[in-house]
Amino acid sequence: MSVFRKNVITNDWVIFAPNRAKRPHDFKSDEKDNVAILAERPAYRDNCPFCPGNEKTEDTEIFRIDRAGKWAVRVLENKFSSVDRRIPPHRRTEHLRNEIDGFGVHDVIIDNPRHNGTIALFSREEITDLLTAYRRRYIELIADTNIKHIVVFKNQGLKAGGSLEHPHSQVYGLPVIPFEANIRLREGERYYDLNGNCLMCDILRKERQERERIVYENDRFVCLMPYADLSPYHFWIVPRTHAASFSTIDDTSIVSMADCMKTVFGKMFNHLHNPDFNYVMQSLARYEREEDHFHWYVSVIPQVKQKGGLEYAGGLFVNTVLPETAAEELRKAPDTVVIQ
């Protein structure tokens, strides 16, 4: 039987229609080649601009994190940036017309030296290095008062919009707050005004009581399937302690977050056979971080279902896997990845 559910974070309605689903092993059969492709991918390519030894003098490196005398993570200015960090964000407004010069920061983060890496194959220490780089760049960007919002994200694989094989992430510093971030902020503020509590804190409290949609948790982070997730196996990684900005995360919490990511990405890799995926950090910038009604989190979207007519025409999402089912499947999946 189909059911409509409301996603209270994004204010979207979702139709859950298991009768339209391919069975879970059909999802995996579509993705099996991804494991084989990864197994055949070398650790180094001589034509890859991100592999160690292929660094160019024209690269504008912002910083690197070293381990054992070699770089573990590099942060570079994106050569193909869609914004320009060197121009001021002059704004022009008249009736029905509003524009800002294309100011902004767009960096690329090389996640790991290995060309054939992916989060599920990284060690906890390597994920810790990556998260540490995210935090450092985030803090650097919020020092610029022209930057109103920061987006850290990763597109892994062709279906996710990835353009290069080598594992990498991106970060934007923007002079505006994007539409969807504004919706999350607005919904959180409205809930706080009505209930006097943080919406995500209340979601965490209820989900940890019911346990049905919890995939994994440790001392500081919870991985869960949202009650009305927008697509199959879409999950969140959420800090258990309220904070509005990722910039405030401490070293101990980064280690716990790395443990959570290592575990759940390993489960996703095994159960869905290394799907292409996106993740994005939903977080407020420095000047907003004291807001009581926003709670930062990471949204992870495995690309196992393409959007259809309802999504494009009306913004009504159709999910063929109930989150309770998806959470149970991922809980049972092994988190250790072994590639033959």
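1. Where is T241 found? In this predicted model, the residue sits in the loop between β12 and α5. T241 counts as exposed, because its relative accessibility is 62% and the cut-off for exposed is over 50%. Its C-alpha atom is separated from that of F221 by 8.3 Å. Along the chain, T241 and F221 are 20 residues apart.

2. F221 leads on to the aromatic residues. One aromatic cluster is formed by Y138, F221, F246 and W296. Across the whole structure, a search finds nine aromatic pairs. One pair is worth a closer look. The ring centres of F265 and Y279 are 5.9 Å apart, and the ring planes stand at 75°, so this pair is edge-to-face. The angle qualifies because planes over 60 degrees apart count as edge-to-face.

3. The location of that pair matters for reading the fold. F265 belongs to helix α5, residues 251-272, while Y279 belongs to strand β13, residues 277-282. The pair therefore ties together parts that are 14 residues apart in sequence. Both rings come from residues with low values of relative accessibility: F265 is buried at 2%, and Y279 is buried at 4%. The cut-off for buried is under 20%.

4. Next, the loop between α5 and β13. H273 lies there, and so does N274. Buried or partly exposed: which is H273? It is partly exposed, with a relative accessible area of 24%. N274, by contrast, is buried, with a relative accessible area of 10%. The backbone of H273 deserves a check: phi is positive, about 55°, although the residue is not a glycine.

5. N274 also gives a long-range distance. Its C-alpha atom and that of A72 are separated by 23 Å. These two residues are 202 residues apart along the chain.

6. A positive phi also turns up at Y233. The value is about 65°, and Y233 is not a glycine either. Where does Y233 have its place? It is in the loop between β11 (221-224) and β12 (235-239). Y233 is buried, with a relative accessible area of 0%. H273, the other positive-phi residue discussed here, is partly exposed.

7. Now the whole chain. The secondary structure comes to seven helices and 15 strands. The radius of gyration is 20 Å, close to the 20 Å from the globule rule for 340 residues, so the protein is as compact as a globular protein of that length. Taken along the principal axes, the box filled by the C-alpha atoms is roughly 60 × 60 × 40 Å.

8. Contacts and burial come next. Of the 340 residues, 53% count as buried. Among contacts with a separation of 6 or more, 69% are between residues 24 or more positions apart.

9. Last, surface and charge. The accessible surface comes to about 16,400 Å². Carbon and sulfur atoms account for 50% of it. How many positive and negative side chains does the protein have? There are 46 positive and 49 negative ones. The centres of the two sets lie 2 Å apart.

Definitions and conventions:
Residues are numbered from 1 along each chain as its sequence is written. This is a predicted model: local features need pLDDT of at least 70, side-chain atom pairs count only at pLDDT 80 or more; totals for chains, interfaces and linings use all residues. Side-chain values use heavy atoms; hydrogens and water are left out. Helices (H or I, at least four residues) and strands (E, at least two) are DSSP runs, numbered from the N terminus. The radius of gyration is taken over C-alpha atoms; the globule rule is 2.2 Å times the number of residues to the power 0.38. Buried means under 20% relative accessible area, exposed over 50%, partly exposed in between (1.4 Å probe, protein chains only). Contact means heavy atoms within 4.5 Å. Accessible areas come from the Shrake-Rupley method with a 1.4 Å probe; for residues, only the protein chains shown count as cover. Lys and Arg count as positive and Asp and Glu as negative; His and the chain ends are not counted. The place of a charge is taken as NZ of Lys, CZ of Arg, CG of Asp or CD of Glu. Rings of Phe, Tyr and Trp (its six-membered ring) pair if their centres lie within 6.5 Å; planes under 30 degrees apart count as stacked, over 60 as edge-to-face and the rest as tilted.
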